[in-house]
Amino acid sequence: MTTVHEPIAAAVELAVWPASTTERRPGDLAVGGVPLAEAADRFGTPVYVLDEAEVRDRCRTYRDAFPDADIVYAAKAFLCRAMAHWTAEEGLGLDVCSAGELELAVTTGFPAERIVLHGNAKSPRDLDTALRLGVGRIVIDSPSEIARLAAAVGPDGHQKVMVRVVPGISAGGHEKIRTGTDDQKFGLSIADGYAQHAIARILDQPQLELTGLHCHLGSQITSVKPYLVAVRRLVGLMARLHEQHGLVLPELDLGGGHGIAYRPGEPALDLTALARKVRAELVDACTTAGLPVPRLIIEPGRAIAGPAGIAVYRVLSVKHTGEHVFVAVDGGMSDNPRPALYGVRYAPRMIGRHSTAARARVTVVGRHCEAGDILAADAELPADVRPGDLLAVPVAGAYHLSMASGYNLVGRPPVVAVRDGSARLLVRRESLEDIRSRDVGL
């Protein structure tokens, strides 16, 4: 076991944790006034702990940074009824990708007119549900959707739509989450004319009202520059549409993908700089093109939910294999597939017990039957970490439960909200009975 002789200062370690995080006694971390070890004992492990105040504060930060824009929370990052309720109360819209997400939000009370429906391959049920519930915008992602949607709306109906265009910009933290280039499945290319052709077809459908252009460059973007390039290219397309069709589009949706830090010292997107520079670039580009400035729409997901969540696990075994030390926990890739998918790295911390042992580099692994079931490689933990200890993983609020699977039939973890010293269950643990009840045949 390789010992780390220079422990990281506590303040630096907590830099990626929710603002409410405190350490009352060494090793005793609390979030939202609730000790994480107590939450683990009460609700079991693995468990996701979500700081409600952190979610709300991040919603307000976006509204303050973009006072003249519509902020639309990307529900794919994490959605439950409470999350829909919080974002609605904070004045955000909602971006959904399926009939399931849409129905959950609307039946929770989220106003349908503040919802945007996305998806590169929307099913008939997706479109029918959107029209039945009165969704505010539908983002057209392929030419085939135009005729299908127009037929579903009917000659006397009306639906506001946007077109997702591909500006030909490579941005994002991993090749699998870069969506602004022409070599992936999303959107319609500006470069080859498919976007312009689709827009012309939409204009021939009187029941479809084209309100603007949409683009999403990718995820985990930490530089402002790609967004500025996207603004210039989209305004250029808007200018050509005005020239060809006399069209003036009132909205421009720049998507989301705003990068956050998962470990202390990692870069994150500067939201203040993004807002200031995007606004200046948009005004300048529209002035040059002789166009009115459209209303911006911004779609953060990870940047709101991610830093508000903590995953808490219990150590099941510690295994020494050659020079490697494997610390196995009671969760893994079924509740967090992101390290296996994208190589994401986390900074777990031992909680509930104060250790004076030196730090050691270990690999935190899951319980699943895959060699790639690794939650944190090269993690720094006390050298005396042992079975029964608790590990907390910060920045676990986005793309964990929403991407969780039923692998090995272990059941998905619960979600617990914390605020002002109290904890309440938002999503219960998936039980063996839940799993059995879906298995209806022999």
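Guide: Before we look at helix H10, a residue is called buried when its relative accessible area is under 20%; please keep in mind, too, that this is a predicted model.

Visitor: Which residues of H10 are buried?

Guide: A general idea helps here: an α-helix has 3.6 residues a turn, so residues three or four places apart point the same way. In H10, the buried residues include Leu271, Leu274, Val278, Leu282 and Ala285, with Glu281 and Cys286 also among them.

Visitor: What do the buried residues of H10 pack against?

Guide: Their partners are two helices, H3 (52-65) and H9 (225-245), together with two strands, S13 (251-253) and S14 (295-298).

Visitor: How should I read the length of H10 and its two ends?

Guide: H10 covers residues 271-289, and the 27 Å from its first C-alpha to its last is close to the 27 Å expected at 1.5 Å a residue. At the start of the helix, a side-chain oxygen of Asp270 comes to within 3.2 Å of the backbone nitrogen of Thr272, while Gly290, which follows H10, has a positive phi near 70°.

Visitor: What phi does Gly91 take, just after H4?

Guide: Gly91 has a positive phi of about 85°, and the helix before it, H4 (residues 81-89), has Ala82, Met83, Ala84, Trp86 and Thr87 as its buried residues.

Visitor: Turning to strands, what is the order in the open sheet of three strands?

Guide: The order is S2-S3-S4, and the pairing is antiparallel; strands S2 (22-25) and S4 (34-35) are the edges, each pairing on one side only. Between S2 and S3 (residues 28-31) there are three bridges, and Glu23 stands opposite Leu29 in S3.

Notes. Residues numbered from 1 in each chain as written. Predicted model: local features only at pLDDT ≥ 70, side-chain atom pairs only at ≥ 80, totals over all residues. Heavy atoms only, no water. Pairing = 2+ DSSP bridges. Helix = DSSP H or I, 4+ residues; strand = E, 2+ residues; numbered from the N terminus. Expected span 1.5 Å × (residues − 1). Buried < 20%, exposed > 50% of the residue type's maximum accessible area, 1.4 Å probe, protein only. Contact = heavy atoms within 4.5 Å. Polar contact = N/O pair within 3.5 Å; in protein donor to acceptor, adjacent residues only side chain to side chain.
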